[in-house]
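Colleague: Could you take me through this model one question at a time, with the reasoning laid out before each answer?

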Amino acid sequence: MRLLTFENKDKVGMHVAEHVVRRINEFQPTKERPFVIGLPTGSSPIPTYKHLIAMYQSGHVSFKHVVSFNMDEYAGLPRSHPESYHSFMWTTASRGRDGFRETLAGRTIVTDAPGRWTNFLGHVDIDPANVHILDGNAPDLEAECAAYEASIEKFGGIELFLAGIGPDGHIALSGAYDTIVANSRFFDNDLSKVPTKALTVGVATVMDAKEVLIIITGISKSLALRNCIEEPLSHMWTASAIQLHDKGVIVCDEDATMELRVKTVRYFDKLQKSPQGLYGDLGVGVVP
């Protein structure tokens, strides 16, 4: 496992987006051999999605032969609801006469709605048939989850799983103890409006991916980061499972490291600056 630290969340987003683009291009996906990626929702990946949109628009990457699997979805919330994860990933707003533009890190991004970046997949050339998001309104939720896992296996597993974590260290919605409170900000700060049931991939499904990259930004996630990498593996901090992954990477900003021990930060900083580069050989036991 490696921990990569950058100055702020935008630089984190830029790095993660560049890594995704590099992995896709090196994989050279085709219709018969697509690149399979796991995608998160929430605030953590938004800078990454902004940069991926910009890189797609500038011709640096194509998602034509990419297959995506989202991590989770609320149960009982209509797909059309603005806070459903279908809307987060896919739905696009109607375009104005001239459209809207936002400049980020020197790139100009054209979008249908300024400030609403909850529609990543609607801005790239991914085939809708290759987009997989759990159906929270399925008549049999257990059967829906089983079918979802079978679909992942059908494609040979996930090549790269991107993830974020909650302040309590949960990954996807596995062990999401504080999610109702944390997500109430999206529901008018009204706890009664937040769905109390959801579908999610399990920790094992995420860890089965060939590579796992967790995005952690903000001081509110600093305690979770500490417990995920400095403390033993724990069901109370499900993202701590990243410790056991041969190709596990956490990419964080400086604010997220505030609860880490100095020696922890220095150790991973040394790895980050090692001759092997940012990723190098992520195999077990590799120390410069």
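Modeller: A good place to begin is a single side chain, bearing in mind that this is a predicted model. Leaving aside residues up to four places away in sequence, F120 touches L39, Y49, L52, I53, F63, F88 and M89.

Colleague: Which residues have the most contacts inside the largest nonpolar core, and how many residues does that core have?

Modeller: F120 is one of the two residues with the most contacts inside the core, and F63 is the other. F63 is also on the list of residues that F120 touches. The residues asked for are therefore F63 and F120, by the rule that joins buried nonpolar residues through side-chain atoms within 4.5 Å, and the core has 37 residues.

Colleague: Which element gives the most to this core?

Modeller: Several elements each supply at least two residues, among them strand 1 (2-6), strand 2 (35-39), helix 2 (46-57), helix 3 (85-89) and strand 8 (160-164). Helix 1 (9-27) is also one of these elements. With eight residues, the element that gives the most is helix 1.

Colleague: How many residues does the second, separate core include?

Modeller: Among the members of this second core are F69, Y148, A209 and L260. The core is separate from the one just described, and its residue count is 36.

Colleague: How many cavities of 30 Å³ or more are there, and about how much space lies in the largest cavity?

Modeller: The count comes to one cavity of 30 Å³ or more. The lining of the largest cavity includes L39, L52, F63 and F120, and F120 touches L39, L52 and F63. Helix 1, strand 2 and strand 3 (66-70) each supply at least two residues of that lining. The space in the largest cavity is about 50 Å³.

Colleague: In what order do the seven strands of the open sheet lie, and which are the edge strands?

Modeller: The pairing in this open sheet is parallel, and the order is 1-11-10-8-2-3-7. Strand 10 pairs in the parallel sense with strand 11 over five bridges, and five bridges also join strand 8 to strand 10. Each edge strand pairs on one side only, and the two are strand 1 and strand 7 (131-132).

Colleague: Which residue is the bridge partner of V212 in strand 11?

Modeller: V212 belongs to strand 10, where F161 stands opposite V212. For I214, the bridge partner in strand 11 is I250. For V212, the partner in strand 11 is G248.

Colleague: Are the residues that point either way from strand 10 buried or exposed?

Modeller: In a regular strand, side chains alternate between the two faces of the sheet. Here E211, L213 and I215 point one way, while V212, I214 and I216 point the other way. Six of the six residues of strand 10 are covered in this sense, and on both sides the answer is buried.

Colleague: Why does M71 count as buried?

Modeller: M71 lies in the loop between strand 3 and strand 4 (72-74). M71 touches residues including L39, P40, F161, L162, A163, I171, L199 and V206. The cut-off for buried is under 20% relative accessible area, and M71 counts as buried because its relative accessibility is 2%.

Colleague: How far apart in space are M71 and G202, C-alpha to C-alpha?

Modeller: In sequence, M71 and G202 are 131 residues apart. Across the chain, residues 24 or more positions apart account for 77% of the contacts with a separation of 6 or more. For this pair, the C-alpha to C-alpha distance is 8.7 Å.

Methods. Residues numbered from 1 in each chain as written. Predicted model: local features only at pLDDT ≥ 70, side-chain atom pairs only at ≥ 80, totals over all residues. Heavy atoms only, no water. Contact = heavy atoms within 4.5 Å. Buried < 20%, exposed > 50% of the residue type's maximum accessible area, 1.4 Å probe, protein only. Helix = DSSP H or I, 4+ residues; strand = E, 2+ residues; numbered from the N terminus. Pairing = 2+ DSSP bridges. 1 Å grid on protein atoms, 1.4 Å probe; cavity = no way out; pocket = protein on both sides within 12 Å on 5 of 7 lines; lining within 4 Å. Points joined across faces, edges and corners; volume = space filled by probe spheres on them.
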